[in-house]
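Subject: A structure to look through

Dear colleague,

I am passing on a structure for you to look at, with some notes on what turned up in it. Please open it beside this message and follow along residue by residue.

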Amino acid sequence: MARLLLPLPFAAAAAASASSLHLAASRLRLPAVSVARRECLYGGRVVGGVVRAPARLGKRGLCAGAEAGGSAGTVVGQEEALEWVKKDRRRLLHVVYRVGDLDKTIKFYTECLGMKLLRKRDIPEERYTNAFLGYGPEDSHFVVELTYNYGVESYDIGTAFGHFGIAVDDVAKTVELIKAKGGTVTREPGPVKGGKSVIAFIEDPDGYKFELIERGPTPEPLCQVMLRVGDLDRAINFYEKAFGMELLRKRDNPEYKIYACDISMLMINLE
């Protein structure tokens, strides 16, 4: 099993994808290469505006035309596309996932995890409601976008999504609060195996897992997303080349049959 840990620092956030999750990224300048062209180059695909990671990454030239759903035309070389990714300035905005009881989840996130309800919107014609929560304004922080679809009370989370990581000052006290509020604790507070970091694992009302990590004050407590991948090297290649992320570290845990890595979004000023 391979897993990918995506740290979410204050100025450079990333998010996860699973059966009921997707991510959104901002591009602060109009890109020289469109999403459709990038998907041709890297073997990914765009479905409903969401970029899906590829089953296989191609090493071919890039053609924006009938294959991308547009008019036949410009061909962009791989080197040109890769250079644009390095210079493009962006950050990831939010992670979207579906919940069965929106009010219950909002209550858990605000009272137990210390998040703030930033905004809420109801789209009755589409039969769903969104709520945005986080630890600061959306223009500077990574946030979660909860989606409630009318009449749907539960979802299959799937096996690709692992957990979110949240930095807290005191893991033990946070766990006590979660227990007092009726929350589920799946791992009691204690040092990580082979290390000194104090962690705990909990679940939200829908079963999404959160790792509580004991750290000092940080501007972005929502600091990590873990997801599982079938081919770690291929996934790293995709995130580096398609999204401009940087590989921070790798670690192998043979006793758990896990090989993990941390990657983060690169932020490059275009001044």
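Lys120 is partly exposed, since its relative accessible area is 46%. Please bear in mind, as you read on, that this is a predicted model.

The side chain of Lys120 forms a salt bridge with that of Asp103, with 3.2 Å from N to O. Because Lys120 belongs to strand S8 (residues 116-123) while Asp103 belongs to helix H3, this pair ties together parts that lie 17 residues apart in sequence. Asp103 itself is exposed, at a relative accessible area of 52%.

A search of the whole structure gives nine salt bridges, and another of them joins the side chains of Glu111 and Lys107 at 2.9 Å, N to O. These two residues are four apart in helix H3, so about one helical turn separates them. Glu111 is partly exposed at 33% relative accessible area, and Lys107 is also partly exposed, at 48%.

Elsewhere, Arg234 and Asp231 meet through their side chains in a salt bridge of 3.7 Å, N to O; Arg234 is partly exposed at 28% relative accessibility, and Asp231 is partly exposed at 33%. Salt bridges with shared partners also link Lys107, Glu111 and Lys181 into one network.

Finally, is Thr105, which is found in helix H3 (residues 102-111), buried or exposed? Thr105 is buried, because its relative accessible area is 0%, and buried means under 20%. Its side chain reaches the backbone oxygen of Asp101 at 3.0 Å, and, leaving aside neighbours within four places in sequence, Thr105 is in contact with Val99, Leu146, Asp204, Pro205 and Asp206.

With best wishes

Technical notes
Residues numbered from 1 in each chain as written. Predicted model: local features only at pLDDT ≥ 70, side-chain atom pairs only at ≥ 80, totals over all residues. Heavy atoms only, no water. Buried < 20%, exposed > 50% of the residue type's maximum accessible area, 1.4 Å probe, protein only. Polar contact = N/O pair within 3.5 Å; in protein donor to acceptor, adjacent residues only side chain to side chain. Contact = heavy atoms within 4.5 Å. Salt bridge = Lys/Arg side-chain N within 4 Å of Asp/Glu carboxyl O.
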